[in-house]
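Please open the structure in your viewer and keep the sequence panel beside it, since the tour moves from one selection to the next.

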Amino acid sequence: MPFQDFIGQEQIIKLLKISLAENTLSHALLFTGPAGSGKETLAFLLAQAVNCREENPPCGECLSCRKTMSLNHPDVRLLTREGTGIRISQIRALEQESLSQPYEGRKKVVIIRDAEDMSLAAANSFLKTLEEPPPYMIFVLLSGRPQALLPTIKSRCRIFPFQPVPEKLITAYLVKKKALLPAEARIFAALSRGKVGLAVALSEGEEFFALRERAYSFIKGLRKLAKKEIFPLAEKLAQEEESALFLDLCLEILRDLFLYRETGKEDYVTNIDYLEFYQNDRYWQQQRILGAISLLVKAKEDLGASVNPKLAFGAMLLEFKEVI
Ligand SMILES: [Zn+2]
């Protein structure tokens, strides 16, 4: 695909295009941003662009572009962790490869996914490669946690921080490219918090709307929660395969409720099909909503920290019953 089909990161794309046109592209680039923010997609577009010979690179259609996208271009490589991290043996192989000229293209491009996963030995070895790279080498490092990279590596890279993509752009993209209804697209866009890749992944999950219905029933049922129901319910919730997404969906419903109460405007509501509930419910007062939000956030953190899901949900419900 050409650059203009990429959603968001206009500033970064502008800078990359200028560097390409002026032939001043840095030999080491660092793309930073959370998973799903498009770092890898843009890295591959750049890899296409440096070797595409069409007028407006990347054309996305010539043999070189197609080979790059299908990971079959001999001059483009994606380096990913092996086992627990990126090993020194992988970096040494890379150094060897850097010694020979490109086979087909003008440049050799190495994209390093999760660059912060390099072992210390690998990082130190990579540093030497970065110091004096052959003129045809381009390294694109991708990182969700750039603070974990060696400062000496970072200082040798041109850094491009990816920004969250506006919800409206993601919604329009999903409507156009995935043929979704605007109301559906908006839900995925809101949940993705500015990450196009995540919005697309959510929209492709078959179970999504069933899971959202369960989140809705859960929020509606909380007012009648009896003490003896807490642990059976926690057990049931712990069986959800996508418990983090379930909690996000609950949070999104509470956020809708809060903003609707505060403003009376439908514009702020993501789950527009639940509007009747937001309008008629009398139980969820603002303070209660805020309390529930903080408990859900805590449960999400617990799950992220590998606390047993049954315990995380149990603690959340118990506290909900006692405090809220
Ligand atoms: Zn091309």
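Is Gln9 buried or exposed? Select Gln9 in this predicted model, in the segment before helix H1 (10–22), and colour it by accessibility: with a relative accessible area of 6%, Gln9 is buried. Its backbone deserves a look as well, for Gln9 has a positive phi of about 55° although it is not a glycine. Most residues other than glycine have a negative phi, and most peptide bonds are trans.

Move next to Asn23, which sits in the loop between H1 and E1 and likewise has a positive phi, here about 60°, without being a glycine. The surroundings of Asn23 are another matter, since this residue is exposed, with a relative accessible area of 64%.

A further backbone feature to select is the pair Pro57 and Pro58, which are joined by a cis peptide bond with omega of about 0°. Pro58 is placed in the loop between helix H2 (39–51) and helix H3 (63–69).

**The whole protein**

Zoom out now to take in the protein, which has 15 helices and 5 strands and whose C-alpha atoms fill a box of roughly 70 × 40 × 30 Å along the principal axes. If you colour the 324 residues by burial, 46% of them come up as buried. Among contacts between residues at least 6 apart in sequence, 71% join residues that are at least 24 apart.

**The sheet**

Select the strands next: the 5 of them form an open sheet in the order E2-E3-E4-E1-E5, with parallel pairing. Strand E2 (76–79) and strand E5 (158–161) stand at the edges and have a single partner strand each, so one side of each is left without a neighbour in the sheet. From one strand to the next, the twist averages 15°.

To inspect one pairing within the sheet, show strand E1 (residues 28–32) together with strand E4 (residues 137–143), which pair in the parallel sense over 5 bridges. Ala28 can serve as a marker here, its bridge partner in E4 being Phe139.

With these strands still displayed, add helix H4 (residues 88–98), which packs on the sheet and touches E2, strand E3 (108–112) and E4, its direction making about 170° with that of E2. Then add helix H5 (residues 120–131), which also packs on the sheet, touching E1, E3 and E4, and whose direction makes about 140° with that of E4.

Now isolate E3, which pairs with E2 in the parallel sense over 4 bridges; Val110 in E3 is the bridge partner of Arg77. How many residues of E3 are buried? The strand is mostly covered, with 5 of its 5 residues buried. Turning on the side chains shows Lys108, Val110 and Ile112 pointing one way from E3, while Val109 and Ile111 point the other way, and all are buried.

**Two helix pairs**

Select helix H8 (residues 182–192) and helix H9 (residues 196–204), whose axes come within 8 Å and cross at roughly 130°. That angle makes H8 oblique to H9, and the crossing is right-handed. The contact is made by Phe188, Leu191 and Ser192 from H8 and by Leu198, Ala199, Leu202 and Ser203 from H9. Coloured by residue type, the contact of H8 with H9 divides into 5 nonpolar and 2 polar residues, with no charged ones.

The last stop is helix H12 (residues 243–263) with helix H14 (residues 286–304), which pack at an angle of about 160° with their axes 10 Å apart. H12 and H14 are therefore roughly antiparallel to each other, and H12 passes H14 in a left-handed crossing. Among the residues of H12 that make the contact are Leu247, Leu251, Leu254, Phe258 and Arg261, and on H14 they include Ile289, Ile293, Leu296, Lys300 and Leu303. What kinds of residue form the contact of H12 with H14? The residues there divide into 15 nonpolar, 2 polar and 4 charged.

Key: Residues are numbered from 1 along each chain as its sequence is written. This is a predicted model: local features need pLDDT of at least 70, side-chain atom pairs count only at pLDDT 80 or more; totals for chains, interfaces and linings use all residues. Side-chain values use heavy atoms; hydrogens and water are left out. Two strands pair if DSSP finds at least two bridges between them. Axes are lines fitted to C-alpha atoms, for helices over the stretch in contact, and angles run from 0 to 180 degrees between N-to-C directions. Contact means heavy atoms within 4.5 Å. Angles under 35 degrees count as roughly parallel, over 145 as roughly antiparallel, 65 to 115 as roughly perpendicular and the rest as oblique. A crossing is left-handed if the near helix is turned anticlockwise from the far one by less than a right angle, and right-handed if clockwise. Ala, Val, Leu, Ile, Met, Phe, Trp, Tyr, Cys and Pro count as nonpolar, Asp, Glu, Lys and Arg as charged, and the others, Gly among them, as polar. Buried means under 20% relative accessible area, exposed over 50%, partly exposed in between (1.4 Å probe, protein chains only).
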